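These are my notebook entries on one structure, kept in the order in which I looked things up. I wanted to see what is covered, what pairs with what, and where the backbone does something less common.

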Amino acid sequence: MSGARAVPPLFIGGCGRSGTTLAVDLLGMHPVLSPVYETGFVLEVAQLLFSSGGLSAFMVADQIERLMSHWSRDLPHRPHNKKEYERYWHGAHYVLFDRDTAMAATGTLIEDLITAEPQAGFRRFVTGLFADHARRDGKPAWINKTPLYVLHLPLLKHLFPAMKFIHCTRDPRDAVPSMLSRRWGQHQTVDEGASFWQSCIEAARAFAARWPTDHVETRFEDLVTQPETEIARILQALGLEDCSADMLSRFRDRVRFDSGRIASLERDPAVSARIEAIAGPTMIPLGYR
C-alpha cells in the first residue's frame, strides 16, 4: 500500500499520559504517514457543529471562527507541557500548515455550514488541512493524534466512515499520577483520574466491539520495551508495509526509549492501591496485574 488513496483516515487516542505522542511519533517515521498531532480543534469544531443545541448557524459560525483564530495564532508553533526527558523525532507537537491556511479553510467551512451540508463540509475542512500538512511533510497520507478522540469515537466514525483508530493504553498506576501532575489535567484527585482512565478504556472497547476491524490497541509498555515487534504489528493491522526496522533505526538516532517510566519504583503504594480498587476489573484484561 503506497498511495494516499489507499490509506484511510487514521486517528490515535487514549487516556492522557498513555503514550499517544510516542505512538504517533513512531508511526510517523513510516514513509507513507505524516504525523499531525495536538489538534484539539477537530473535536471542538465538531462539537460546535453537531452538538451546539439551539444555536443558529450564524452563531455557530462566529464561534468556530473565534476558536480557529485563537487556536492558529501561533502556528506553526503550539504550546506544550512535555518534560525535558520526553523527546520525540517530530517534536512535542507537529503541525505544519500555517495560520493563513487554517483561517482560509475555516472560511470555506463556514460557507459550507450556511449554504451546504455541514458533515461533508467538516470532512473537507479536516482532510484538507491534514492533506496540506502531509504535502509540506513530503508524505502522501496522514495519521492524526489527539488523546480525547477516545471519548468521541462514534462521532468520529460517523464523520469519517473509513477511519481506523489506534488506542493507546498504559498501566493506570503510572498514567494517573502522571496525568494529575500536569497543569492541563482536569482531574484533581486520584479517584477522578482512575475513573477517567477506566472511562477511556471502556469507550475504546465499545468501539472495538462494534467495529473490530477498525480498532488497533497498543500498550505503552510494549511500545517502549519491544518497539520493533509492536510497530510491525500495528503496521500490519493498518495494512501498511512493515518498515519498522528502518523506522526505529532512524528514531533511535535521536530518541531513546525510557523504560524507567514503566512500573516506576517511585509509585506511591497508597495511590496504587486506590487506583486498583477503582480500576482493577478493567486493568486485569489489559495485563496490568
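**Entry 1: strand 3.** I began with the two faces of strand 3 in this predicted model, and I found both of them covered, with Ala141, Ile143 and Lys145 buried on one side and Trp142 and Asn144 buried on the other. I noted that in a regular strand the side chains alternate between the two faces of the sheet. Counting along residues 141-145, I had five of five buried, and I wrote the strand down as mostly covered.

I then looked up its partners. Strand 1 pairs with strand 3 in the parallel sense over three bridges, and Phe11 has Asn144 as its bridge partner there. Strand 2 also runs parallel to strand 3, joined to it by five bridges, and I found Leu33 opposite Ala141.

**Entry 2: helix 2.** How many residues of helix 2 are buried? I found seven of the ten in residues 41-50, so this helix is largely enclosed by the rest of the structure. The buried ones are Phe41, Val42, Leu43, Val45, Ala46, Leu48 and Leu49, and they pack against helix 3 (57-71), helix 4 (99-115), helix 5 (118-137) and helix 6 (153-159).

I followed Phe41 further, leaving aside its neighbours within four places in sequence, and listed its contacts as Leu67, Met68, Trp71, Phe97, Phe125, Leu129 and Phe130. Phe41 turned up again when I looked at the largest nonpolar core, which has 55 residues, and in which Phe41, Phe122, Phe125 and Trp197 have the most contacts. The elements that give two or more residues to this core are helix 2, helix 3, helix 4, helix 5, helix 6, helix 7 (172-180), helix 8 (190-210) and helix 12 (269-283). Apart from this core I found another, of 33 residues, with Leu22, Ala23, Met29 and Val224 among them.

**Entry 3: two positive phi values.** Most residues other than glycine have a negative phi. I therefore marked Arg17, where phi is near 65 degrees, a positive value in a residue other than glycine. Arg17 lies in the loop between strand 1 (10-13) and helix 1 (20-27), and it counts as buried at 12% relative accessibility. I marked Glu38 as well, whose phi is also positive, near 65 degrees. Glu38 sits in the loop between strand 2 (33-37) and helix 2, and I noted it as partly exposed, with a relative accessible area of 23%.

**Entry 4: Ser18.** In the loop between strand 1 and helix 1 I also looked up Ser18, which is buried with a relative accessible area of 1%. The side chain of Ser18 reaches the backbone oxygen of Cys15 at 2.9 Å. Beyond its neighbours within four places in sequence, I listed contacts of Ser18 with Cys168, Thr169, Arg170, Ala175 and Phe220.

**Entry 5: cysteines.** Which cysteine sulfur is closest to that of Cys200? It is the sulfur of Cys15, at 4.5 Å, which is too far for a bond, given that a disulfide needs the two sulfur atoms within 2.5 Å. For Cys243 the closest cysteine sulfur is in Cys168, 20 Å away, and again too far. Cys200 counts as buried at 1% relative accessibility, and so does Cys243 at 13%. My count of disulfides came to zero.

Note on methods: Residues numbered from 1 in each chain as written. Predicted model: local features only at pLDDT ≥ 70, side-chain atom pairs only at ≥ 80, totals over all residues. Heavy atoms only, no water. Buried < 20%, exposed > 50% of the residue type's maximum accessible area, 1.4 Å probe, protein only. Helix = DSSP H or I, 4+ residues; strand = E, 2+ residues; numbered from the N terminus. Contact = heavy atoms within 4.5 Å. Core = buried A, V, L, I, M, F, W, Y, C linked by side-chain atoms within 4.5 Å. Polar contact = N/O pair within 3.5 Å; in protein donor to acceptor, adjacent residues only side chain to side chain. Pairing = 2+ DSSP bridges.
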